[in-house]
Amino acid sequence: MSFKTLKERFISILTLCYMIPAGIILMFNTLFSLSQTTYMELYQDTEKPLYKADSPVLLLLLAVLFIGLAKFLYQKCQINDKLCRSFEKTALIFSAVLCMLIIFIYRVHVACDSESLSEIAIAFLKDDYSGFSGDSYLAHYPHQLGMIAFLEIIYFIFGINNFTVLQFINMIAIFSVIFFLHRITEKLFHDLKIRMMLSLLCIGMLPLYLYVTFIYGDVPGMGFAAPAIYYVIQYLETKKRRVLIPASLCMCFAILFKSNNTVILAAAVIILVLFSIKEKDWFSLVFAAVLFLLPSIGNSCIDSYYAHAAGIAKIPDGIPKIAWVAMGLQENEYIENGWYNSYNWVVYSQCGLDTAKTTEVCMDSIKDSMHSFLAAPKSGLHFFYKKFISQWNDPGFQSQITNEWYSRHRDDHSALALYLIYGNGRLILEWFMNVYHFFVLLGASICVFVQMKKRSITVSFLILCVFGGYFFHMFWEAGGRYGLGYFVLCVPMAAYGLWKLSLISITGLDHHFHLFLGHFRKKR
């Protein structure tokens, strides 16, 4: 066997190491979505996931109907690039219009962490840097300085508490996500029908659109993560070195807005290393190094600026990341396993803001959790099952409760806003998102299992990003909204998978139907 064959087999085996578990996880997520739904009640003060039975027969019938309509569209329309562009423009315009409607109908303010970040940004504009001292928010969460810097710039230009401008920036970020999902799909699958399917799915991406009101790092981070993924894919296909600049800048900003996007960075680095081995391409390693280093440089620059402005030697270390893992492995009967319970904040305060001491205490907590899982494997399996469905089986990814929380800070809502946030409109949105959630998971599952045979390095990169999100939040703090970014990345995969299902219905079922008719006629 030649060295080249051994190398290709080695890469192939490594690729299967994450594609197989990704497919299994998506399959289980699809089955869970078919049988039950995670939701949250109104008027809650904490995030408490609840569960209710779903209608599997109805969901399957709707899936068959949707695929049948796609089949009819493919048969009746002359599929060409112009038609695909029209579908894409429709999806983009729809996303912008719907986001604007949500902004002006809901008219929500900031609350919770968003409010804390906003208040800190306002204080910084007044040269008040006391937020770094004592047992304060920034002493615990200095990783939020990227978002605070962004708020400070927006408030300086447009005035403080200008939430509408921030929500319009979210709209632009969502527009960026939809645009680059089309570019990613175009690069990965090279089929006009799949692009059309993607446009249809993008129109239904209601959980993302409902987050347009959420003033935090999640949506802007997605707006930069999507083009970063696209430019990495473009390099894998073309080896054009110039894409290093936009890819690394987008990845840097994605992480500055939302540090959890480090999962996507890790996936990109892994894929680039595998690509360098497969293709003997040394520049892939340079690409991976720049992607890895630039976010750290960006964070260091922001920290240096604020340390100088505040007149302090350095920015506080903050809660060590291991505290989120410790919290993510703790049982919680009232809220749900692994969800936020203030443990990371409390333990850091109790340890006198000492990072080393906090790390030691958190490691002990992790050891205790793992020991209990190993001592009672069934209980451990149940723990991870409840943690999994609580965050990944919520079709709205907490978008409904987030808007409800933020709506409490004003009492001049329109009748339409009250209907959508508190009334029957909320239930209608919930039902639609539940159906959409099942469609996307079903299509994404099929995509992964089909692609296991092809093992394209570009498609496997997208799958690795999604698998990374599932794997990371299996141990990290759980939360419905944390899964939204990875669910959005499932949509191009879902477009491929649902297209595959439409092909089966067109070629496979029709073929067998005609064979059956022929056999029946011969008997007669």
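Which side chain meets that of Lys239 in a salt bridge? In this predicted model, the partner of Lys239 is Glu279, and the N to O distance between the two side chains is 3.7 Å, which falls inside the 4 Å limit that defines such a pair. Because Lys239 sits in the loop between H10 and helix H11 (244-257) while Glu279 belongs to helix H12 (residues 262-279), the salt bridge ties together parts that are 40 residues apart in sequence. Both ends of this pair are partly exposed, with a relative accessibility of 35% for Lys239 and of 34% for Glu279.

Helix H10 itself takes part in another salt bridge, and here the setting is a buried one. The side chains of Asp218 and Arg481 meet with an N to O distance of 2.7 Å, and this pair links distant parts of the chain, since Asp218 lies in helix H10 (residues 218-238) and Arg481 in the loop between helix H21 (457-475) and helix H22 (484-523), 263 residues apart. Asp218 and Arg481 are both buried.

Helices H10 and H21 also pack against one another directly. Their axes come within 9 Å and cross at roughly 155°, and because an angle over 145 degrees counts as roughly antiparallel, H10 is described as roughly antiparallel to H21. The crossing of these two helices is right-handed. On the H10 side the contact is made by Ile229, Val232, Ile233, Leu236 and Glu237, which meet Ile457, Thr458, Phe461, Leu462 and Cys465 of H21. Sorted by character, the residues of this contact comprise eight that are nonpolar, one that is polar and one that is charged.

A further salt bridge brings together two other helices. Arg195 pairs with Asp81, the closest N and O atoms being 3.3 Å apart, and because Arg195 lies in helix H8 (residues 192-203) and Asp81 in helix H3 (residues 81-106), this pair ties together parts that are 114 residues apart in sequence. The two partners differ in their surroundings, for Arg195 has a relative accessibility of 8% and therefore counts as buried, whereas Asp81, with a relative accessible area of 38%, is partly exposed. Arg195 and Asp81 also belong to a network of salt bridges that links them with Arg85, Glu88, Arg183 and Glu186. Under the distance rule applied here, the count for the model comes to 15 salt bridges.

Conventions:
Residues numbered from 1 in each chain as written. Predicted model: local features only at pLDDT ≥ 70, side-chain atom pairs only at ≥ 80, totals over all residues. Heavy atoms only, no water. Helix = DSSP H or I, 4+ residues; strand = E, 2+ residues; numbered from the N terminus. Buried < 20%, exposed > 50% of the residue type's maximum accessible area, 1.4 Å probe, protein only. Axes fitted to C-alpha atoms, helices over the stretch in contact; angles between N-to-C directions. Parallel < 35°, antiparallel > 145°, perpendicular 65-115°, else oblique. Left-handed = near helix turned anticlockwise from the far one by under 90°. Contact = heavy atoms within 4.5 Å. Nonpolar A, V, L, I, M, F, W, Y, C, P; charged D, E, K, R; others polar.
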